[in-house]
Amino acid sequence: MNTIRQTAVEMLKNVLEDKNFFSEVKTEQSQLSAQDSAFANMLILTTFRHLVFIKKVLKKFVKKKLPASAINGQYALFLGTCEILYLNTPDYAVINSYVEVTKHMADKYVAGFVNAVLRNICKQKEELKKEETNEFFPPEFFHILNQDYGKKTMQKIQTAAMVEPKLDITVKNNAKHWAETLGGQLLPSDTIRLENNGKITALQGYANGDWWVQDFAAALAVKALSDIKDKKVLDMCAAPGGKTAQLINKGAKVTALDISAARLKKLQENLQRLHFNAEVVCADALEYIKEYKEEGYDAVLLDAPCSATGTIRRHPELVHIKRLKDVEKQAELQKEILAQTPKILKEGGILLYCTCSISKLEGEKQIAAFLEANPTFKIVPITSQELCGTDALNEIITDEGFIRTLPQHLANYGGTDSFFVARLKKGSLNVLQKKSRSNRKYQHHYR
Ligand SMILES: C[S@@+](CC[C@H](N)C(=O)[O-])C[C@H]1O[C@@H](n2cnc3c(N)ncnc32)[C@H](O)[C@@H]1O
């Protein structure tokens with residue numbers, strides 16, 4: 001029995017049917033050797049990266065929908081087609097493996113069908129490869145993002161989204177030294193980029209707490225908070241603590257809050273390894289704000305719960321298990337938390353809002369609505385100079401002064417996750433604003 005491919009079918013099914021992140025599913029399977037496991041993981045991620053095209057190919061050869069009892073045959077076809085078109089497995093090996101797997105996981109009739117389809121795909125392999133469309137997003141996602149970015153940018157996003165990302169780390173200090181020691185690339189903002197192979201925990205400096213894993217884009221948010229030494233900072237959705245660690249490293253007095261006890265446990269383990277301390281609070285942000293009576297914070301970092309669709313290079317399955325309604329649901333929660341946040345911020349304090357979503361609903365549009373409702377807040381534009389000391393990161397700064405990274409940015413280094421950051425300052429209402437607010441209330445009342 002082909003255990004690697006059977007496990008791959010099971011994992012694919014688990015992600016697509018139970019809507020689990022692949023990273024959660026893969027840690028559960030332990031019956032494979034490290035080498036086989038690495039192959040199964042690569043096979044599944046490659047399948048997800050090309051699933052839109054794989055489905056198109058299969059439509060040509062499979063005219064009828066498979067019955068529910070034959071669903072494993074369909075997953076075998078996804079993986080088999082991926083191996084034929086994108087991996088170097090010999091055709092006969094692909095066909096034999098998936099026929100065997102389907103016999104075991106469905107029945108001999110479904111196996112016969114899988115055999116016929118894969119044989120046909122092998123025969124037309126070269127023509128099919130030429131038809132590759134580089135489509136990453138299924139129609140629903142494509143539609144939302146096309147409205148945000150337009151066709152030309154979408155093409156770039158889709159191509160870059162298919163590239164397997166490397167491993168980024170943030171070091172406490174002396175980035176140049178660590179880049180040399182670990183043989184990594186030093187990115188403009190001092191993130192170090194490593195080849196994504198081998199065991200992370202075995203790398204020099206990990207056990208000692210000299211660095212932590214954090215994508216280049218995710219690390220930018222806290223870099224936009226200058227002068228926070230000894231300042232009171234609330235990290236409102238903190239776990240697993242990548243940004244908490246950065247805040248502490250900059251000398252802030254940090255309260256790390258999160259609703260998830262399990263994720264906070266991970267945060268505490270991470271801080272312990274890094275020899276960092278923070279006040280840790282397990283609570284719903286909305287409840288915390290309601291109960292909060294102390295002096296306001298100097299800065300609040302709201303790394304809001306989001307659809308995580310900015311991490312599609314690492315989690316290509318996301319676009320196949322999330323729907324538009326998931327993005328909208330997260331945007332609603334972000335709006336609620338954002339609306340309450342001014343209450344716990346000092347006048348003159350900074351609200352740093354960020355999400356790892358590629359959808360503008362959770363970024364630019366969310367902030368536009370917040371500013372409309374909160375006229376005392378002003379954008380404090382972020383610049384490339386403050387992030388890295390040069391203009392090297394101009395491409396990720398929007399006209400409004402937000403950070404908006406996309407997968408095709410930082411192309412010379414292999415791309416990046418998509419991330420959004422807005423830096424806002426709380427002021428007080430001036431006379432004109434007070435007047436216009438009361439007029440607005442008046443208009444609403446009598447309309
Ligand atoms: C994007 S993650 C935060 C990542 C983290 N800032 C980091 O850099 O490692 C969002 C977090 O929001 C938390 N969360 C979701 N809803 C929340 C709520 N109502 N109140 C507080 N935290 C919440 C989740 O548990 C999750 O850990």
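1. Val421 is a buried residue, because its relative accessibility is 0% and the cut-off for burial is under 20%. This value, like the others in this note, comes from a predicted model.

2. The same residue, Val421, belongs to strand 12, which covers residues 419–426. Beyond the neighbours within four places in sequence, Val421 is in contact with Ala221, Leu352, Tyr353, Cys354, Ile382, Phe402 and Ile403.

3. A distance across the chain may be added for Val421. Its C-alpha atom is 8.7 Å from that of Ala224, although 197 residues separate the two along the chain.

4. The second topic is the ligand. Its surroundings comprise 19 residues, of which Lys243, Asp258, Arg263, Ala285 and Asp303 are the closest. By class, this shell contains eleven nonpolar, five charged and three polar residues.

5. Two elements deserve mention in connection with the shell. Helix 13, spanning 242–249, contributes at least two of the residues around the ligand, and strand 6, spanning 253–258, likewise contributes at least two.

6. Polar atoms of the protein approach the ligand at several places. A polar side-chain atom of Asp303 is 2.7 Å from a nitrogen atom of the ligand. The backbone also takes part: a polar backbone atom of Ala285 lies 2.9 Å from a ligand nitrogen atom, and one of Pro240 lies 3.5 Å from a ligand oxygen atom. Of the 610 Å² that the ligand exposes when taken alone, the protein buries 86%.

Conventions. Residues are numbered from 1 along each chain as its sequence is written. This is a predicted model: local features need pLDDT of at least 70, side-chain atom pairs count only at pLDDT 80 or more; totals for chains, interfaces and linings use all residues. Side-chain values use heavy atoms; hydrogens and water are left out. A residue is near a molecule or strand if one of its heavy atoms lies within 4 Å of it. A polar contact is a pair of N or O atoms within 3.5 Å; within protein, one must be able to donate a hydrogen and the other to accept it, and residues adjacent in sequence count only if both atoms are side-chain atoms. Accessible areas come from the Shrake-Rupley method with a 1.4 Å probe; for residues, only the protein chains shown count as cover. Helices (H or I, at least four residues) and strands (E, at least two) are DSSP runs, numbered from the N terminus. Ala, Val, Leu, Ile, Met, Phe, Trp, Tyr, Cys and Pro count as nonpolar, Asp, Glu, Lys and Arg as charged, and the others, Gly among them, as polar. Buried means under 20% relative accessible area, exposed over 50%, partly exposed in between (1.4 Å probe, protein chains only). Contact means heavy atoms within 4.5 Å.
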